[in-house]
Amino acid sequence: MRKLPPYADLLGVTLAPADSRATLMMPFGGQVLGRPGFLHGGAIAGLLELAAFASLELAIADLDPQPRIKPINMTIDFMRGGREAMTYARGTVGRLGQRIANIDVVAWQDDEDRLIARAHINFLLAGSASA
Amino acid sequence: MTEAPPSPESPPAFDAERFFKRMGSVGHNGTLDIQWHGAADDWVELRLPWRDALIGDEEARLMASGPIFTLMDNATSLAIWRKMKAFRPQATLDFRIDYIRPAGSGRDVIGRGECYRLTHSIAFVRGIAHDGDADDPVAHCAGTFMFTGPAWSL
């Protein structure tokens, strides 16, 4: 998996340690604050997108050459306000095709069964050997 | 229709520009350095200045899509209050963004958010983002916000 981009550093997003499924984590702080006491929805969306990228990169790690990954669209449901706590996100590759990957990605805080947001993201795989 | 002249007791109408300039410099909006760009009755424009820190694709030096999401979430959210001429607490319920093309490397992105329908509980919004030419957008968005409390006088 490639290293996370500068935008991830801006959000404070890192790869969760000792995790084989590309789970990302984002600490609470001023850089991700929305209304007082809550995460900004845009920061949650940014974390979800980064986690979707990470799960896809893990899934295509063996492809040579590596395709360029371009986001096509994203649909997100905000389910609970994000509080002043660590937020985690992990993507699941629903289908990995030759040119399109469909990813479901979820975000949670203390309890993985109580999601704060979920999203569906479609990516275009460009320049892969078979594209 | 004529409006009654404002009485000393009536709260001033919501001023989206003043509100954003006061609140926009803190938290995640401040981190992204999002700026006020303009407004009319039912839309608000914000500007996201280019910075290397927003890069999501280092090879092509392209802006990540997350900052554009935040830009559009903010612009559409402000457009709701601008249309209502009042501040009412709200939360984003759902949002969809189509990333039509990458924003040009090094270019600022302008987001125009519009509220096209208000109901008792829900506001329906849509918008576009562009990097200089509104007829050649980089993204389209559509979403809904739900109100979480009564309107406030500011």
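I began with two residues of chain B in this predicted model. Both B:Trp81 and B:Phe87 are buried. For B:Phe87 I noted a relative accessibility of 10%, which lies under the 20% cut-off and therefore counts as buried. I then looked up how the two rings meet: the centres of B:Trp81 and B:Phe87 are 4.5 Å apart and the planes stand at 45°, so I entered the pair as tilted.

Next I searched the whole structure for aromatic pairs, and the search returned 13 over all chains. One of them joins B:Phe14 to B:Phe87, with 6.4 Å from centre to centre and 35° between the planes, and this pair is tilted. I checked where the partners lie, and the pair links distant parts of the chain. B:Phe14 belongs to the segment before helix H1 (16–23) of chain B, whereas B:Phe87 is in the loop between helix H3 (65–84) and strand S5 (90–99), 73 residues apart.

Is B:Phe14 buried or exposed? I found 11% relative accessibility for B:Phe14, so I recorded this residue as buried.

I then followed the ring pairs further. They link B:Phe14, B:Phe19, B:Trp81, B:Phe87 and B:Trp152 into a cluster.

Last, I looked up charges placed over rings. In chain A, I found the charged end of A:Arg35 over the ring of A:Phe38, at 3.9 Å from the ring centre. In chain B, I noted that B:Arg112 has its charged end over the ring of B:Trp43, 3.6 Å from the centre of that ring.

Note on methods
Residues numbered from 1 in each chain as written. Chains lettered and ligands numbered in written order. Predicted model: local features only at pLDDT ≥ 70, side-chain atom pairs only at ≥ 80, totals over all residues. Heavy atoms only, no water. Phe/Tyr/Trp six-rings, centres within 6.5 Å; stacked < 30°, edge-to-face > 60°. Helix = DSSP H or I, 4+ residues; strand = E, 2+ residues; numbered from the N terminus. Buried < 20%, exposed > 50% of the residue type's maximum accessible area, 1.4 Å probe, protein only. Lys NZ or Arg CZ within 6 Å of the ring centre and 35° of its normal.
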